[in-house]
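Reader: I'm in my first year and still learning how to look at these. Could you take me slowly through the empty spaces in this one and what sits around them?

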Amino acid sequence: MSTLTPAAPQNTPPGPTALNTGRTRRRGKARMDPTRNNTAAGIAAWLLALLFAVPVLWMILTSFHSETDAATNPPSIAANLTLDAYREFFGETSGVSPWPSLINSATASILSTVLVLLLAFPAAYALSIRPVKKWTDVMFFFLSTKMMPVVAAILPLYLFARTVGALDNIWFLILMYTSMNLPIAVWMMRSFLAEVPEEMLEAAQIDGANLLLILRKIIAPVAMPGIAATALICFIFSWNELLLARVLTGVVAGTAPVFLTGFVSGQGLFLAKVCAAAVVISLPVLFAGFAAQDKLVQGLSLGAVK
C-alpha cells in the first residue's frame with residue numbers, strides 16, 4: 001500500500017494584496033518622517049538662535065563687570081557686578097556726557113526716515129500702481145546706487161562738504177542718510193503698494209477723489225504695515241551708521257556710534273565701557289522694534305504669498 005507524501009512548498013510571488021500592504025507600511029513610515037524632520041529643524045533653529053543670542057548676553061554681562069574682571073582670560077562669569085561702566089558712559093566720572101551724541105543720532109535718524117518716506121511713497125506709487133514707461137530700468141537704477149561701496153564715495157563727499165562748509169553739520173548728515181536709505185525704501189514700498197487692490201482705486205476715482213486724497217485716504221491705510229516696516233528699517237540703518245558720521249562730523253554733530261568708538265583706546269582697559277555703551281545705544285532700536293513688531297511682521301510678509 002503506497003503512501004502519499006506532501007508536496008514541497010514552492011516560492012510563489014506575492015500577490016497584489018501583499019504588495020499593497022507593503023506599500024501601506026512604507027507610506028506609514030514615510031508619514032512619520034516629517035515629524036522627525038520638524039523636530040530636527042526646531043532644534044537647529046534653537047541652536048542658531050542661541051548662537052546669535054549668546055554674544056549679546058555676554059556683552060550685557062560684561063557691561064556690569066569692572067574693567068579688570070572684563071579683561072581676564074578666560075573671562076570670569078561669577079565676577080562681582082558693578083555699574084562703574086555705566087557711570088563712565090554717562091559722564092559721572094569722566095565728565096563727558098553722551099546726551100548730545102544721542103540727540104544727534106535721534107535727530108538724524110528720525111528726520112532722514114521722514115524724508116525717505118515722503119520721497120519713496122510717491123516714487124513707489126509711480127512704479128507700482130501707475131507704472132511709468134521703462135519702470136524696470138528705473139528700479140535697476142535705484143538698485144545700482146547701492147552697488148558702490150560707501151568707502152569709494154567717502155572722499156568726494158568729504159571734499160564737497162569741506163568746500164561748501166557742511167562738515168560737522170547735522171543737516172548734511174541727514175541729507176546723506178536720506179540718500180543712503182532712499183533706494184531700499186523705494187524697492188520695499190513698491191512691493192507693498194503693488195498689493196493694493198485696483199478696485200479700491202477705481203472706486204475712489206469714480207467718487208471724484210484726486211491723487212492726494214487717494215494717496216492719503218486709500219493707499220496709505222492699506223499699505224501702513226509696509227510703510228511701518230520700511231520706516232523701521234531705515235531708522236535702524238541710520239541709527240547704526242558709523243562711517244559717514246565718523247568722517248563727516250566732529251564735536252558738534254557727532255552721533256552715538258562715533259561716541260562709542262571714543263572709548264576704544266590703545267592704553268588702559270576699555271572693554272566694560274564699550275559694552276555698556278553698546279547696550280545703551282542699542283536700546284532705542286530694540287524699543288522701536290518691539291513697539292512696531294506687529295506692523296513689521298505684517299509688512300515684511302506683505303506680498304510674499306499671492
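Author: Let's start with residues 39–61: the C-alpha atoms at the two ends of this span lie 31 Å apart, and the span is 100% helix and 0% strand. Keep in mind that what you're looking at is a predicted model. For the stretch 214–238, the end C-alpha atoms are 30 Å apart, and the span comes out as 96% helix and 0% strand. Both ranges appear in an unreviewed UniProt entry, which annotates them as "transmembrane region", along with 106–127, 139–158, 170–193, 244–263 and 270–292. The helical look carries on through the chain, which has 14 helices and 0 strands. Of its 306 residues, 33% are buried. Contacts often reach a long way along the sequence, too: among those joining residues at least 6 apart, 74% link residues at least 24 apart.

Now for the empty spaces. How do you find them? Rolling a probe the size of a water molecule over the atoms shows where empty space is left. Here the structure has 1 cavity of 30 Å³ or more, and the largest cavity holds about 40 Å³ of space. Go and find W58, T62, H65, D69, A70, P75 and S76, because together they line the largest cavity. By type, that lining splits into 3 nonpolar residues, 3 polar ones and 1 charged. Two helices, α1 (16–63) and α2 (67–70), each give at least two residues to the cavity's lining.

H65 is a good one to zoom in on. You'll find H65 in the loop between α1 and α2. Is H65 buried or exposed? With a relative accessibility of 4%, H65 counts as buried, because the cut-off for that label is under 20%. If you skip its neighbours within four places in sequence, H65 still touches A70, S76, I77, A79, N80, L81, T82 and A272. Two of those partners, A70 and S76, are also in the lining of the largest cavity.

Next comes the largest pocket, with a volume of about 330 Å³. Its lining is made of T145, K146, M148, P149, V150, A153, L157, M176, S179, M180, P183 and L244. Two elements give two or more residues each to this lining: α6 (150–164) and α7. The top contributor is α7, with 4 residues. Sorted by type, the pocket lining has 9 nonpolar residues, 2 polar and 1 charged.

Let's look at α6 first. You can check its length yourself: at 1.5 Å a residue, its 15 residues should span 21 Å, and the end C-alpha atoms are 20 Å apart, so the two agree. A153, I154 and A161 are buried in α6. One of these, A153, is also on the list of pocket-lining residues. The buried residues of α6 pack against α7 and α11 (243–248). Right after α6, G165 has a positive phi of about 75°. A little further on, D168 sits in the loop between α6 and α7. D168 has a positive phi as well, near 55°, and this residue isn't a glycine. Its relative accessible area is 23%, so D168 is partly exposed.

Past that loop you reach α7, which covers residues 170–193. That range is also one of the annotated transmembrane regions in the UniProt entry. Here's a handy thing to know when you look along any helix: an α-helix has 3.6 residues a turn, so residues three or four places apart point the same way. Try two residues of this helix. T178 is in α7, and at a relative accessible area of 7% T178 is buried. Beyond its close sequence neighbours, up to four places away, T178 touches S112, L115, V116 and L119.

M189 is in α7 too, and with 2% relative accessibility M189 counts as buried. Which residues does M189 touch, not counting those up to four places away in sequence? They are L117, A120, F121, A124, I227 and T230. To finish, draw a line from M189 to A229: these two are 40 residues apart in sequence, and their C-alpha atoms are 9.2 Å apart in space.

Conventions. Residues are numbered from 1 along each chain as its sequence is written. This is a predicted model: local features need pLDDT of at least 70, side-chain atom pairs count only at pLDDT 80 or more; totals for chains, interfaces and linings use all residues. Side-chain values use heavy atoms; hydrogens and water are left out. Buried means under 20% relative accessible area, exposed over 50%, partly exposed in between (1.4 Å probe, protein chains only). Contact means heavy atoms within 4.5 Å. UniProt positions are given in the numbering used here, feature names are shortened, and annotations may be inferred rather than shown by experiment. On a 1 Å grid over the protein atoms alone, a cavity is a set of points where a 1.4 Å probe fits but cannot get out, and a pocket is an open set with protein on both sides within 12 Å along at least five of seven lines; lining residues have an atom within 4 Å of a point. Grid points are joined across faces, edges and corners, and a volume is the space filled by probe spheres set on the points. Ala, Val, Leu, Ile, Met, Phe, Trp, Tyr, Cys and Pro count as nonpolar, Asp, Glu, Lys and Arg as charged, and the others, Gly among them, as polar. The expected span of a helix is 1.5 Å times one less than its number of residues.
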